[in-house]
Amino acid sequence: MMKKIIALTMCLTMLLACTAIAETANAEKDSMGVLNVNGAFELKCALPEGYALDIIYGDGGNMIANISANDVARPTMILSIAFNDSYADVERLNDLDADTHNAIMNTFMEEDEVEISTMTTAYGTELFVIKEIKDTVEYVDFYTIYKGYEIEMVLNHIGGFDPTANEMPEIIPVTDEEIQLAIQFLSDLDFVAVVE
């Protein structure tokens, strides 16, 4: 009898978990607008709880967005998406050869003292994760290519910076949990083909 109760409890737990996953997958995403180079795509994103989206610039081929929270202790994400003719036929960063990967990485190493690693989104799209390593990790830059678009997102705590203040703000390092938040955001970023 005890085994039946345990089995029923486990089945109920699995059913509830599957329902929660289905609800998350079907949750309404926010529209970021339409990109219309090399095919028209509506960008849709799932904002982390407590975050708001502000489209700073968009012209159909490029977009810059600020994703920030009311709580200044949480990091800000600046997202930039731009079509690059050089990658017009590239589906994902994963499809580029090692020489091209190295050339892209070198552009980041020219500007700052950084450490570059490779991670993947939940759907297997490769990302370069660029961390500043001078003193502390003040920012993390994520870079990938999808359908010919270069996608770059900078994660930092500069959103709480007050430019009118007389002193520099305390530098708050980016944590591994915050990096996972950004990767989840990029995993949930959809390019939905627009049917004309």
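Strand 4 (residues 62–69) and strand 5 run antiparallel to each other, paired over six bridges. Keep in mind that this is a predicted model. Strand 5 also pairs with strand 9, again in the antiparallel sense, this time over eight bridges. Beyond the strands, here's a quick look at two salt bridges, a nonpolar surface patch and a buried serine.

**Strand pairing**
- To get from strand 4 to strand 5, the chain makes a hairpin through six residues.
- Met63 has Ile81 of strand 5 as its bridge partner.
- Ile81 also stands opposite Ile151, which sits in strand 9.
- As a general point, side chains in a regular strand alternate between the two faces of the sheet.

**Salt bridges**
- The count comes to two salt bridges.
- One of them links Asp190 and Lys29, with the closest N and O atoms 2.8 Å apart.
- Asp190 belongs to strand 10 (residues 190–193), while Lys29 is in the loop between helix 1 (2–26) and strand 1 (30–36), so this pair ties together parts that are 161 residues apart in sequence.
- Asp190 counts as partly exposed because its relative accessibility is 27%, which falls between the 20% and 50% cut-offs.
- Lys147 and Glu91 also meet through their side chains in a salt bridge, at 2.8 Å from N to O.
- Here it's loop to loop: Lys147 is between strand 8 (139–146) and strand 9 (149–156), and Glu91 is between strand 5 (76–83) and helix 2 (98–111), so the pair ties together parts that are 56 residues apart in sequence.
- Glu91 is partly exposed too, with a relative accessible area of 36%.

**Nonpolar surface patch**
- Ile56, Tyr57, Ile64 and Ile78 make up a nonpolar patch of about 330 Å² on the surface.
- Within that patch, Tyr57 comes from strand 3 (residues 51–58).
- Tyr57 has a relative accessible area of 40%, so it counts as partly exposed.
- That value is over the 30% a residue needs to be part of a patch, so Tyr57 qualifies on that score.

**Ser187**
- Ser187 is in helix 3, which covers residues 176–187.
- With a relative accessibility of 5%, Ser187 is under the 20% cut-off and therefore counts as buried.
- Setting aside neighbours within four places in sequence, Ser187 is in contact with Thr121, Ala122 and Tyr123.

Key
Residues are numbered from 1 along each chain as its sequence is written. This is a predicted model: local features need pLDDT of at least 70, side-chain atom pairs count only at pLDDT 80 or more; totals for chains, interfaces and linings use all residues. Side-chain values use heavy atoms; hydrogens and water are left out. Helices (H or I, at least four residues) and strands (E, at least two) are DSSP runs, numbered from the N terminus. Buried means under 20% relative accessible area, exposed over 50%, partly exposed in between (1.4 Å probe, protein chains only). Contact means heavy atoms within 4.5 Å. Patches are made of residues with over 30% relative accessible area and no salt bridge: like charges are joined within 9 Å, nonpolar side chains (Val, Leu, Ile, Met, Phe, Trp, Tyr) within 5 Å. Accessible areas come from the Shrake-Rupley method with a 1.4 Å probe; for residues, only the protein chains shown count as cover. A salt bridge is a side-chain nitrogen of Lys or Arg within 4 Å of a carboxyl oxygen of Asp or Glu. Two strands pair if DSSP finds at least two bridges between them.
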